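Thanks for coming. I will take a few minutes to walk through one structure, and the picture goes up now.

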Amino acid sequence: MAKTVDIGFALNYQYANLLNTTPEESEPTWAYMGPGIEDISPDRSEKTDETEDYSTGGNTVTTVTGVTKTTSVTGKRLIGDPLQEYVASLEESFGDERKTQYRIVSPTGEIIEEDVTLKDINITGPNGAASDKQAISFSMARNDTPKLVQAAKGHHLPAEITVEDVTVAVGKTATVTPAVQPATASDWCLYAIEDTDIARVTADGIVTGLKVGKTRLGVRCASKPSIRATVAVEVTEGTA
C-alpha cells in the first residue's frame, strides 16, 4: 500500500462537475463538465429580513430567508463533447426543456445534486476573433434545496486503484466499479474509451457496446489523476 496522504488545500480540478443530459428519461445520463471547460464559478446571493423591536435595544436582528445560486461556466467549443452538445441543443429552447440536474463531486467523495435551469447559453456560431478558438458560456440557476447523494468518504487522496476488464454485448451496458484505496479516499473516477466506435462510456462509468471488437478503457481518480489504470474492453455479439 502506498503512503496515505491528506487532501490538504483542494484544487478546483479535483472537483468533478456533471450534468444530466437526459432529464426526460427515468435514468440520468451523466456527462462530465471537463473537456473545453476553463472556468466554473458559483455566485450566491442571500435574501434577508431585518427586524428591530423594543427587545433588541435599538439593534437590528437579521435573518437569512433565502439563497439564490447561479453557476457560470465558460470555455472553448469542443464539437462532439456530450455535455456541450446537450447544452447547445437547448440554445433556442424554453420552459421546462431547460431544466436538468447538476452534480458536484468533492475531492472527499461527497456528492451534491442540484435541480437547475440552464440559461444564458452562448455556444453555437462564431464568437471571437477569426483565428481564436470559439468561446462558449452558459449558466445554471439552482431551483431547489441541494440534495446529498453520497456522504464524504474521508480526507485522504487515492493511493491505489484496481479495475477489472470489461466484457459487454452490442447494445448492452456494463458498469465499471473501480476499487480505490484507502477507503477514506474518494472513489469517483474519470473514464475514457480509446475507440469510441466500438464502445462509449458515461461520466459515471457505464459502458455501452456499439459494435463487435476490442478496445481499451482508461480510468483515473478524479481527486488525484496520477492514480490510474487501463483495462481491456471487449464488445461481443448481442443476443436475440
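I will start with the overall make-up, then go through two sheets, two pockets and one loop residue.

What you see is a predicted model. How many helices and strands does the protein have? The count is 1 helix and 17 strands. The C-alpha trace spans about 80 × 50 × 45 Å along its principal axes. The protein has 240 residues, and 40% of them count as buried.

Now the sheets. In general terms, strands of a sheet pair through backbone hydrogen bonds, and the pairing is either parallel or antiparallel.

One open sheet is made of 3 strands in the order S11-S15-S14, and its pairing is antiparallel. Which strands stand at its edges? They are S11, residues 173–175, and S14, residues 199–201. Each of these two has a single partner strand, so one of its sides is left without a neighbour in the sheet. On average, neighbouring strands here are turned by 20 degrees against each other, direction ignored. Within this sheet, S11 pairs with S15, residues 206–209, in the antiparallel sense over 3 bridges. To find that pairing on the screen, look for threonine 175, which stands opposite isoleucine 206 in S15.

Another open sheet has 4 strands, ordered S10-S17-S16-S13, and here the pairing is mixed. Its edge strands are S10, residues 166–169, and S13, each pairing on one side only. The average turn between neighbouring strands of this sheet is 25 degrees, direction ignored. S10 and S17 pair in the parallel sense, over 4 bridges. In that pairing, valine 166 stands opposite valine 233 in S17.

Next, the pockets. The largest pocket holds about 700 Å³ of space. Its lining has 28 residues, and those closest to the centre are Pro82, Tyr191, Val201, Thr202 and Ala203. Several elements give two or more residues to this lining, among them strand S2 (30–32), S14, S15, strand S16 (213–221) and strand S17 (228–236). Which strand gives the most to it? That is S13, with 5 residues. Sorted by class, the lining of the largest pocket has 16 nonpolar, 8 polar and 4 charged residues.

The second largest pocket has a volume of about 530 Å³. It is lined by 21 residues, and Asn12, Tyr15, Asn17, Ile40 and Tyr102 lie nearest its centre. At least two lining residues come from each of strand S3 (37–51), strand S4 (61–76), strand S5 (99–105) and strand S6 (111–122). S3 has the largest share, with 6 residues. By class, this lining has 11 nonpolar, 4 polar and 6 charged residues.

Last, a single residue. Serine 93 sits in the loop between helix H1, residues 82–89, and S5. Is serine 93 buried or exposed? Its relative accessibility is 11%, and the cut-off for buried is under 20%, so serine 93 counts as buried. The side chain of serine 93 also makes a polar contact, at 3.5 Å, with the side chain of glutamate 97.

To recap the sheets, the one with S11, S15 and S14 is antiparallel, and the one with S10, S17, S16 and S13 is mixed. As for the pockets, S13 gives the most to the lining of the largest, and S3 gives the largest share to that of the second largest.

Methods. Residues are numbered from 1 along each chain as its sequence is written. This is a predicted model: local features need pLDDT of at least 70, side-chain atom pairs count only at pLDDT 80 or more; totals for chains, interfaces and linings use all residues. Side-chain values use heavy atoms; hydrogens and water are left out. Two strands pair if DSSP finds at least two bridges between them. Axes are lines fitted to C-alpha atoms, for helices over the stretch in contact, and angles run from 0 to 180 degrees between N-to-C directions. On a 1 Å grid over the protein atoms alone, a cavity is a set of points where a 1.4 Å probe fits but cannot get out, and a pocket is an open set with protein on both sides within 12 Å along at least five of seven lines; lining residues have an atom within 4 Å of a point. Grid points are joined across faces, edges and corners, and a volume is the space filled by probe spheres set on the points. Ala, Val, Leu, Ile, Met, Phe, Trp, Tyr, Cys and Pro count as nonpolar, Asp, Glu, Lys and Arg as charged, and the others, Gly among them, as polar. Buried means under 20% relative accessible area, exposed over 50%, partly exposed in between (1.4 Å probe, protein chains only). A polar contact is a pair of N or O atoms within 3.5 Å; within protein, one must be able to donate a hydrogen and the other to accept it, and residues adjacent in sequence count only if both atoms are side-chain atoms.
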